[in-house]
Amino acid sequence: MHPLLARPARLLLVVAIAALFGVPLAWILKLLGPRPWVAALAFAVPLQIISGFIVLSAWWVCRRHPISGPGAWRAVAVQLGAALQTTAIRTALGTFWALALDRWLYAGLSRADMYRDLAVMFATGIPFYLLSAVGHYLFLAFEASHEAERRVLETQVGAREAELRALRAQLNPHFLFNSLNSINALVGSDPEGARRMCEGLGDFLRRTLALGARDEVTLGEELALVERYLGIEQVRFGDRLRVERAVDPDAAICRVPPLLLQPLVENAIKHGIQDCVNGGVIRIEAQCTGGALRVAVENPVDPDAPVRRGEGVGLQNVRRRLEVFAARESQLSASRTGETFRVLLTLPAVVGALSEAPRG
Amino acid sequence: MAERVRVLLVDDEAPARSLLREYLGAHEGVEVIGESTNGFEAVKAITEQRPDLVFLDVQMPKLDGFEVLELVAPEPGAPAVIFCTAYDEYALRAFEVHAVDYLLKPFGRERLAEALGRARERLTLAAARTQGAAPAASPASAAGALAAAARGQGHFAERLVVRDGAQVHVIPAEQVDYVEAQDDYVAIHEGGHSHLKHQTLAELAEALDPERFVRIHRSFVVNVDRIARVELLAKDQRVVILRDGRQLPVSRSGHDWLREQWS
């Protein structure tokens, strides 16, 4: 739908502007041939109003054929064609209108007068359409810049929101409650262990806040945070939690959004290790091949555990953050084969200096 | 009051169990008879060792704390239960199944002593009631409430748990062929096996997803995926033929339900 046709007020505006164009047309007709003002206006104004609606068709042509880019010449040709077509329609309608007026209002229009009016209608029709096309192109350009601005803002807001969510998920209160309970237990049986765990927990929280305040971190930094997390969970789960790592040195220096991996490892414990009587192995892989960074987290699944439908909050959150980081080149896939659940992240491998300063 | 309390600890995390052991060690007349690290072990230990009191974690491998309770509580002489978890969202469900107390991790000695005191009161009361032979709540209806609490409000059961002595079977709901009422029990038929469970058919039917399970008869609930066809035997007398050839009777209202679900 044309934006000018969407509301009655705008519709009136179209009618008014088109009618105004009728005045110069009437003046030209009066200059060329003897006829009263009333007759000239009665002919020109309604014709212009109808033409006004006809040239609104430029909207669709303009949208289909943008004037910038490689198709510019083609667009000009298409517009000229459209100008001829709309002008032909206008001239045909104008001719009928002239004949009708001739019959009802006054007689005496000679054949020569008719041909001359026809030429005038045709000659004024083409610039009228082209004017409309120019107007539409300007409007579309204006709208596009507006839209781009809005999208930039939206992305920024979305990115902040995803970061906040990640940080909140990171500081999962149940993780803290369980860790405090473990410390509580260690105080009696192994005071030295309790101290180490306090230290580890403090270190983990401090690193989380530091990394979370940055735009990007290296995968190595992210993995170091995950190690701290696993160290704390090791106290809770003991031998049940075993970890394998296969991280290429090339991959460790790639840039990633902060707090991306930890939710995946947390899920691997919550839905994997915790459900299995004898625990199992969490496998963390990272490779960098052909300009793409692939990071995978695998965990065992208990065959008796109910099958989870859809994606949990943790995965959705990681997906959103990947989109913000690199919407087109990044991907998250989760799959279960047999008794193994695997999440694979693919993102562009970017290596280089990081912005160390936290954002203000 | 100086009676001995036999306690079972159920938690999959070793530090959590050692903490309970340490705290309970300070109390006279409390004997820790065992530790279980998952739901199956817990059911086995409760059935075989008959503890008076169980400290029960909620999130564990195999069965969660509520499912454990669903399997052992309907029996006479079921233990008193104190839940221990880091999650506060199960508190309401815990009290619906008559838990003595609900300990939120991390908790201190005093909080545990308080819970233990409550448990002792409950046990003394229960012992007095057994001697006076006061009528207890019907086990079957208690089982229904327990099962409802186990699956949580507004959820349909994704798996059914049944106990055969000390052994536990977990049956994914989609594997159930049909369920048949047998007095106070239901027989759950699944792939040629049949499991008895102390529950009424109405309660079980309520727990199952009505899109998948239809009550075709006073005594039968069937998985609609297993139905091959419905045959008319005589006027107003129909049978459902399952894919394995088995025939189940269909009542008039059952047929109406079936037409609604299975058209």
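Colleague: How many residues does each chain bring to the contact between chain A and chain B?

Modeller: In this predicted model, chain A gives 22 residues to the contact and chain B gives 19 residues.

Colleague: Which element supplies the largest share of the side of chain B that touches chain A?

Modeller: Helix α1 (residues 14-25) of chain B does, with 6 residues. Sorted by class, this side of chain B has 9 nonpolar, 7 charged and 3 polar residues.

Colleague: What should I note about the make-up of each chain, starting with its helices and strands?

Modeller: Chain A has 11 helices and 7 strands, while chain B has 8 helices and 15 strands. Of the 360 residues of chain A, 31% count as buried. For chain B the figure is 42% of 263 residues.

Colleague: And how do I read contacts along the sequence, for instance what part of them in chain A joins residues at least 24 apart?

Modeller: Leave out pairs that are less than 6 apart in sequence, then see what part of the rest joins distant positions. In chain A, 74% of the contacts between residues at least 6 apart join residues at least 24 apart. In chain B, residues 24 or more positions apart account for 56% of the contacts with a separation of 6 or more.

Colleague: Now a pair of helices. At what angle do α2 and α4 of chain A pack?

Modeller: The angle compares the N-to-C directions of the two axes. Helix α2 (residues 37-55) of chain A and helix α4 (residues 72-104) of chain A pack at about 150°, with axes 10 Å apart. An angle over 145 degrees counts as roughly antiparallel, so α2(A) is roughly antiparallel to α4(A). Their crossing is right-handed.

Colleague: Which residues of α2(A) and α4(A) meet?

Modeller: From α2(A), they include A:Phe43, A:Leu47, A:Ile50 and A:Ile54; from α4(A), they include A:Ile89, A:Leu93, A:Trp97 and A:Leu101. The residues of this contact divide into 12 nonpolar, 3 polar and 1 charged.

Colleague: Where is there another helix pair with axes within 10 Å?

Modeller: Take helix α7 (residues 191-212) of chain A and helix α8 (residues 219-237) of chain A, which cross at roughly 150°. They are therefore roughly antiparallel to each other. The crossing of α7(A) and α8(A) is left-handed. Among the residues that make the contact are A:Leu201, A:Phe204 and A:Arg207 of α7(A), together with A:Leu225, A:Tyr229 and A:Ile232 of α8(A). By class, the contact has 8 nonpolar, 3 polar and 4 charged residues.

Colleague: How many residues does the largest nonpolar core have?

Modeller: It has 110 residues, and those with the most contacts inside it are A:Val265, B:Ile82, B:Val221 and B:Val222. The helix α8(A) gives the most to this core, with 7 residues.

Colleague: What does A:Val265 touch?

Modeller: Residues up to four places away in sequence are not counted; A:Val265 then touches A:Val226, A:Tyr229, A:Leu230, A:Ile282 and A:Val297. Apart from the largest core lies another core, of 11 residues, among them A:Ala58, A:Ala83, A:Phe128 and A:Tyr129.

Colleague: Why is helix α3 of chain B said to be largely enclosed by the rest of the structure?

Modeller: A residue is buried if 20 or more other C-beta atoms lie within 10 Å of its own. In helix α3 (residues 65-72) of chain B, 8 of the 8 residues are buried, so α3(B) is largely enclosed. Its buried residues include B:Phe66, B:Val68 and B:Leu69, and also B:Glu67 and B:Glu70.

Methods
Residues are numbered from 1 along each chain as its sequence is written. Chains are lettered from A and ligands numbered from 1 in the order in which they are written. This is a predicted model: local features need pLDDT of at least 70, side-chain atom pairs count only at pLDDT 80 or more; totals for chains, interfaces and linings use all residues. Two residues are in contact if their C-beta atoms, placed from the backbone, lie within 7 Å. Helices (H or I, at least four residues) and strands (E, at least two) are DSSP runs, numbered from the N terminus. Ala, Val, Leu, Ile, Met, Phe, Trp, Tyr, Cys and Pro count as nonpolar, Asp, Glu, Lys and Arg as charged, and the others, Gly among them, as polar. Axes are lines fitted to C-alpha atoms, for helices over the stretch in contact, and angles run from 0 to 180 degrees between N-to-C directions. Angles under 35 degrees count as roughly parallel, over 145 as roughly antiparallel, 65 to 115 as roughly perpendicular and the rest as oblique. A crossing is left-handed if the near helix is turned anticlockwise from the far one by less than a right angle, and right-handed if clockwise. A nonpolar core is a set of buried Ala, Val, Leu, Ile, Met, Phe, Trp, Tyr and Cys residues joined through C-beta atoms within 7 Å. A residue is buried if 20 or more other C-beta atoms lie within 10 Å of its own, exposed if 12 or fewer, and partly exposed in between; C-beta atoms are placed from the backbone.
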